[in-house]
Amino acid sequence: MNTLPLSGLKVLDLSRLLPGPYATLVLADLGATVDKVEDPGGGDYIRQMPPLREDESALFYGLNRNKRSLTLDLKSAEGREALLRLASGYDVLVESFRPGVMDKLGVGFSALHARNPRLIYCSISGYGQTGPDRLKAGHDLNYAARAGVLGYGGRADGAPAFPGVQLGDIGGGSLFALVGLLAALHERERTGQGRFVDVSMTDGAVAFLHMHLAARLAMGEHGQPLRRGREALNGGYACYGLYRTRDGRYLAVGALEPKFFAGVCEVLGRPELLADAYDTGEAGERVKAELSRLFAEHPLAYWKERFAGTDVCVEPVLEGDEVLEDPQLRARGLFVDSEDSQRGRKVTHLLTPLRMGETPLRPPPALGQHSQKILSEAGFSPEEIEKLVS
């Protein structure tokens with residue numbers, strides 16, 4: 001078996017729910033040892049969230065394979081001291097508490113850095129460690145709203161588009177945490193010092209608007225504010241949008257370049273539509289209306305056959321379990337079956353996108369399953385372990 005690139009890296013994961021656990025799942029899939037530090041009263045909140053299979057959250061199962069679980073009561077002096085001792089032997093710590101919580105407990109970056117100067121400490125929060133709203137509660141939809149991402153999507157004459165996926169949590173939180181951690185690890189090779197990585201999910205969500213918002217800033221007084229449903233990539237162009245078929249399904253037409261939309265027009269037998277495909281005014285609206293009429297004449301299966309073999313940036317909008325049978329995703333190995341001997345059942349795993357070797361498929365841990373092992377590895381005596389885990 002090939003050694004994975006992060007083999008030997010040790011990570012303490014104090015995060016909960018989605019952003020931190022997905023980031024550490026990627027690290028674990030790449031070979032890192034990830035030890036979840038959980039509250040003994042119930043652990044990661046997502047353990048109790050439906051859907052449930054045999055009283056276990058499927059959400060927790062999907063986010064926490066290849067990890068170990070240690071329970072520590074950080075509200076107790078013994079638990080806090082144990083964390084300080086543990087941190088001496090780890091490379092990375094990830095947490096997702098509100099700013100200042102870890103410092104109030106006496107286990108924030110300064111305290112941990114004093115014990116282990118090489119430790120890289122990553123804090124993922126909604127609005128970041130600074131600013132007037134740093135202590136404000138929020139969830140993904142709030143972060144996308146504040147970032148301008150929600151306001152950018154949707155019809156020009158309608159409401160913002162509900163994304164349905166966690167742009168702020170995964171895109172703004174997990175992925176930027178990974179970038180920050182890996183950058184800090186590279187820096188540590190040069191300096192021997194760890195650092196604090198401040199990840200704001202709202203800041204990260206703004207990155208999804210970077211091309212458009214940065215261009216707006218570059219234009220200065222010569223530019224205009226971004227407009228919902230009227231820009232090139234959010235509904236303004238007829239050649240870049242969603243079209244309903246006769247059976248109520250949808251096609252994603254992403255034929256942004258003229259050569260691609262010319263191909264779409266050829267399939268439709270309407271070459272004259274190319275001329276106004278990039279107009280964001282009335283002429284462009286007429287092209288949209290005609291495309292809508294044409295695509296609505298036939299069901300999705302018909303259009304899949306018509307566009308099969310073409311190279312014009314048109315795809316069916318997959319729904320439900322259809323994505324699980326997609327031949328391209330299957331060929332990429334995103335869905336892998338395994339035996340969970342611990343629970344006595346077969347499980348299909350969704351792998352993280354970056355694979356650099358054979359991904360391990362160890363099942364997620366029961367709450368506190370590895371407490372004794374982790375503490376013993378860290379040099380705690382049997383008597384100390386008994387006090388901490390009893």
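## The six-stranded sheet

Two strands count as paired here if DSSP finds at least two bridges between them. On that basis, this predicted model has an open sheet of six strands, running β5-β2-β1-β6-β7-β8 with parallel pairing. At the edges sit β5 (67-71) and β8 (196-200), each with a pairing on one side only. From one strand to the next, the twist averages 20°.

Let's zoom in on one pair of neighbours. Strand β1 (residues 10-13) is joined to strand β2 (residues 33-38) by four bridges, and the two run parallel. Within that pair, D13 stands opposite K36 of β2.

## The three-stranded sheet

There's also an open sheet of three strands, ordered β9-β10-β11, and here the pairing is antiparallel. Its edge strands are β9 (240-244) and β11 (314-316), each pairing on one side only. The twist in this sheet averages 20° from strand to strand. As a general reminder, strands of a sheet pair through backbone hydrogen bonds, in either a parallel or an antiparallel way.

On one side of β10 (residues 250-254), five bridges tie the strand to β9 in an antiparallel run. Two residues of β9 show how the register works out: L242 has A252 as its bridge partner in β10, and R244 stands opposite Y250. The hairpin of β9 and β10 has five residues between the strands, and G248 takes a positive phi near 80° there. Over to β11, β10 makes three bridges, again antiparallel. A252 turns up here too, standing opposite E315 in β11.

Which way do the side chains of β10 point? They alternate: L251 and V253 go to one face and are buried, whereas Y250, A252 and G254 go to the other face and are not buried.

## Aromatic pairs and a cluster

The structure holds ten aromatic pairs. One of them is F109 with Y121: the ring centres are 5.9 Å apart and the planes sit at 75°, past the 60 degrees needed, so this one is edge-to-face. The pair links distant parts of the chain, with F109 in helix α5 (residues 109-115) and Y121 in strand β7 (residues 120-125), twelve residues apart. Y121 has a relative accessible area of 2%, so Y121 is buried.

F295 and W303 make another edge-to-face pair, because their planes are at 75°, with ring centres 5.0 Å apart. Both partners are buried: F295 has 0% relative accessibility, and W303 has 3%. These two rings also belong to an aromatic cluster made up of Y243, F295, Y302, W303 and F307.

## Charges over rings

Two residues with charged ends are placed over aromatic rings. K10 lies over the face of Y90, 4.5 Å from the ring centre. As for R85, its charged end sits over the ring of F380, at 3.9 Å from the centre.

## The second largest pocket

How much space lies in the second largest pocket? About 1,300 Å³. Its lining takes in 37 residues, and those nearest the centre are G154, R155, N234, G235 and L242. Elements giving two or more residues to that lining are α7 (149-152), α11 (232-236), β9, β10 and α13 (282-295).

That brings several earlier pieces back together. L242, near the pocket's centre, is the β9 residue with A252 as its bridge partner. Strands β9 and β10, both contributing to the lining, are the ones joined by five bridges.

Technical notes. Residues numbered from 1 in each chain as written. Predicted model: local features only at pLDDT ≥ 70, side-chain atom pairs only at ≥ 80, totals over all residues. Heavy atoms only, no water. Axes fitted to C-alpha atoms, helices over the stretch in contact; angles between N-to-C directions. Phe/Tyr/Trp six-rings, centres within 6.5 Å; stacked < 30°, edge-to-face > 60°. Buried < 20%, exposed > 50% of the residue type's maximum accessible area, 1.4 Å probe, protein only. Lys NZ or Arg CZ within 6 Å of the ring centre and 35° of its normal. 1 Å grid on protein atoms, 1.4 Å probe; cavity = no way out; pocket = protein on both sides within 12 Å on 5 of 7 lines; lining within 4 Å. Points joined across faces, edges and corners; volume = space filled by probe spheres on them.
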